[in-house]
Amino acid sequence: MFKRPVFLFLLLLSLQVSSQKTEISLVSWNIRDFGKTKNSDELERIANITKDADILAIQEVVAGFGGAQAVAKLTDILNRKGSKWDYVISNPTNSPKYATERYAFVWKTKHIKIKNRGRLISELETIIDREPFLLEFYTDNKKISILNFHSRPFNKNPEAEIMALTKYITQSIKGALIVAGDFNVSEKETVFDALKSKGYACAISDQKTTLKRTCDQNSYLNYPIDNIFYSREVKNTECGIIDFVRFCENLEKARKLSDHLPVFLSFKLE
């Protein structure tokens, strides 16, 4: 039989090793006009799509009161599905007219904590129309920073924003980092080469994530512009899209939620 001090040491060691194996799942979703057009039924559907995630990063939350209210309502619905959730909403971005939005994070509190309410990266507000929102999460006593980002439209040079964001990331953020959002650029484009050269990988490749208005040749997917990039410290265990459409006959109803599919990444921290 183990002596008590040795037994306690081994027990604590076992618990520590076990806790380090916690897997976290992140869902990133541009939910179109979130807070402007979503009724209770649609919020319920969004909750059912995302309830298995640990962290939900939302882009395109409307800047007015309706956006914050919708995030709070969604969190309340999620709280009634078996887990305790919390949320943070960013201030409105410092954007040109009609481009101002908020970002939101919603997460399960069982294994994930925060120490502050995050911040918009004001250093980029003169370069990026909707400056990204940075929040630091803690799990198993390890920190993971997540940047929530929605670039300007494809015809307004989002590449310049991505280059500026890459420079900021490589010069200013240390440790485990995830960049999640709608980039309005495919991950295959050369603008992402600098980020990849620093060891960042993407969750999905050559995967269309936006929805057409109508099915064309039995296809409802359009452009591969949503993604999740993650640093070397993040070990990818599973990734992909959540296709809540599935069939052309569901497209019209699906587009009432969003014209984007969610992207997910399950990971562990090294």
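Visitor: Where does Lys156 lie in this model?

Guide: Lys156 sits in the loop that links β8 (142–150) to α4 (158–172), and it should be kept in mind from the start that the model is predicted.

Visitor: Is Lys156 buried or exposed, and how is that read?

Guide: The general idea is a cut-off on relative accessible area, with exposed meaning over 50% and buried meaning under 20%. Lys156 has a relative accessibility of 53%, and therefore counts as exposed. As for its surroundings, the C-alpha atom of Lys156 is separated by 9.8 Å from that of Asn184, a residue 28 positions away along the chain.

Visitor: What is the strand order of the open sheet, and which strands stand at its edges?

Guide: Strands count as paired if at least two bridges are found between them. Here an open sheet of 6 strands follows the order β3-β4-β2-β1-β15-β14, and its pairing is mixed. β3 (85–89) and β14 (234–241) stand at the edges, each with a single partner strand, so one side of each is left without a neighbour in the sheet. From one strand to the next, the twist averages 20°.

Visitor: How many bridges join β14 to β15?

Guide: β14 and β15 (residues 263–269) run antiparallel and are joined by 7 bridges; within this pair, Cys239 stands opposite Leu265 of β15.

Visitor: Which helices pack on the sheet, and at what angles do they run?

Guide: An angle is taken between N-to-C directions and runs from 0 to 180 degrees. Helix α2 (residues 40–50) lies across β1 (24–34), β2 (55–62) and β3, running at about 160° to β1. Helix α3 (residues 65–79) packs on the sheet as well, where it touches β1, β2, β3 and β4 (101–108), and its direction makes about 170° with that of β3.

Visitor: Which residues of α2 are buried, and what do they pack against?

Guide: The buried residues of α2 are Glu42, Leu43, Arg45, Ile46, Ala47 and Thr50, and they pack against β1, β2, β3, α3 and α6 (251–255). At the N-terminal end of α2, Asn39 acts as the cap, with a side-chain oxygen lying 3.1 Å from the backbone nitrogen of Asp41.

Visitor: What can be read from the hairpin of β11 and β12?

Guide: A hairpin can be read from its strand pairing and then from the residues between the strands. In this one, β11 (residues 211–216) and β12 (residues 219–221) pair in the antiparallel sense over 2 bridges, and Asp216 has Ser219 of β12 as its bridge partner. The hairpin has 2 residues between the strands, and Gln217 takes a positive phi near 55°.

Notes. Residues are numbered from 1 along each chain as its sequence is written. This is a predicted model: local features need pLDDT of at least 70, side-chain atom pairs count only at pLDDT 80 or more; totals for chains, interfaces and linings use all residues. Side-chain values use heavy atoms; hydrogens and water are left out. Helices (H or I, at least four residues) and strands (E, at least two) are DSSP runs, numbered from the N terminus. Contact means heavy atoms within 4.5 Å. Buried means under 20% relative accessible area, exposed over 50%, partly exposed in between (1.4 Å probe, protein chains only). A polar contact is a pair of N or O atoms within 3.5 Å; within protein, one must be able to donate a hydrogen and the other to accept it, and residues adjacent in sequence count only if both atoms are side-chain atoms.
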